[in-house]
Structures are given as C-alpha cells and as structure tokens.
Amino acid sequence: MTEQAVIKAIHDDVVICGCSTSACKSCSGNSFCNIKEREIEARLPGEIEASIGDTVEIFLPPGKTILAGFMVMIFPLLLFGLLFFLTGSIWPASGEGLRVLGGILGLAGGFALSWLYSKLTNAKNLPRITGIVRRA
C-alpha cells in the first residue's frame, strides 16, 4: 500500500506525516474521512534526505497491513468465541450470562494483547518512506 503525506516533524530516522493536499482533495470534506487530523509515523531511510513540508511517498507492505488488521479486529473476536465456548465447557450448568462474561473477557484480552503486540513491534512495523514526491 502506498500513500502520499506531508512531513510535519523529523526525529532522527522517524518522521511524523500528515495528509497531503492532493490526497485530501479527493475527500471533498467527506464526514467519514478524518485523515486530515491523523498523524502517521514513518521510518526515513538514511539515503533519502527530506525536510519538513516535503510531500513523500510512504509504503507499507501488504503483509504488514493484513497482519495489523487481523490483530486489531479478528484476533479479539476469535478470543471472544474461544472463551465463550470454553466457559460453557468448563461450567456446563452455567447460563448464558456467564458465557457472555467469559466472551467479553476474551474480547478485552484480545484487545489488550493486540495493543501490547503493537507497542512491542512498533519500531519494525512502521511504514517506510520510499521517495520524495515534491519538495517544500
């Protein structure tokens, strides 16, 4: 996946980027689009010299995008289902309330594990700047 963004700040080899003007024109103020306020961290390779205000191309490999989506959405739902049925297997006489509580605990645990994974692997999972589209 490739996107264009404008560099807002540079900290060593990590840059903070925002929405580029050309990318936001297609949005036309759509109420579902909130990328204008969102900031993206990306890794700046040593061979690319960029400065604040430059429009750059950011690349995130599809495999990492799919893994991120899995960790955020699918993994917690799988833990919900697993703990829902596991609670029913451990306490067969329990009602639906206890099973739902077990499922909700699985969902919360899935989100917590997803957040922890994100914090531990953030540095290596950052998107990478592949080039400069336009200088400031």
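Trainee: At what angle do helix α2 and helix α3 pack in this predicted model?
Mentor: Two packed helices are described by the angle between their axes and the distance between the axes. In this predicted model, the axes of helix α2 (residues 62-90) and helix α3 (residues 96-121) are 7 Å apart, and the angle at which the two helices pack is about 150°.

Trainee: Is α2 then roughly parallel or roughly antiparallel to α3?
Mentor: The angle between α2 and α3 is about 150°, and angles over 145 degrees count as roughly antiparallel. The crossing of these two helices is right-handed. It follows from the angle that α2 stands to α3 as roughly antiparallel.

Trainee: How do the residues of the contact of α2 with α3 divide into nonpolar, polar and charged?
Mentor: The contact belongs to the pair of helices whose axes are 7 Å apart. Its residues divide into two charged, eight polar and 18 nonpolar.

Trainee: Is T121, which lies in helix α3, buried or exposed?
Mentor: T121 belongs to helix α3, and its relative accessibility is 12%. Because a residue under 20% relative accessible area is counted in this class, T121 counts as buried.

Trainee: With the side chain of which residue does the side chain of T121 make a polar contact?
Mentor: A polar atom of the T121 side chain lies 2.7 Å from the backbone oxygen of Y117, but that partner is a backbone atom. The side-chain partner, in a polar contact of 2.9 Å, is N125.

Trainee: Why is strand β2 described as largely enclosed by the rest of the structure?
Mentor: Strand β2 covers residues 14-19, and the description rests on how many of its six residues are buried. β2 is largely enclosed because the number of buried residues is five of the six.

Trainee: Over how many bridges does β2 pair with strand β1, and over how many with strand β3?
Mentor: Strand β1 (residues 2-11) pairs with β2 in the antiparallel sense, and H11 stands opposite V14 in β2. With strand β3 (residues 40-43), β2 also pairs in the antiparallel sense, and the bridge partner of V15 in β3 is A42. The pairing with β1 runs over six bridges, and the pairing with β3 over four.

Trainee: Which residue in the turn between β1 and β2 has a positive phi?
Mentor: The strands β1 and β2 form a hairpin, with two residues between them. The turn residue with a positive phi, of about 55°, is D12.

Trainee: In what order do the elements of the protein chain run from the N terminus on?
Mentor: The secondary structure of the protein chain comes to three helices and five strands. From the N terminus on, their order is β-β-α-β-β-α-α-β.

Note on methods
Residues numbered from 1 in each chain as written. Predicted model: local features only at pLDDT ≥ 70, side-chain atom pairs only at ≥ 80, totals over all residues. Heavy atoms only, no water. Buried < 20%, exposed > 50% of the residue type's maximum accessible area, 1.4 Å probe, protein only. Pairing = 2+ DSSP bridges. Axes fitted to C-alpha atoms, helices over the stretch in contact; angles between N-to-C directions. Parallel < 35°, antiparallel > 145°, perpendicular 65-115°, else oblique. Left-handed = near helix turned anticlockwise from the far one by under 90°. Nonpolar A, V, L, I, M, F, W, Y, C, P; charged D, E, K, R; others polar. Polar contact = N/O pair within 3.5 Å; in protein donor to acceptor, adjacent residues only side chain to side chain.
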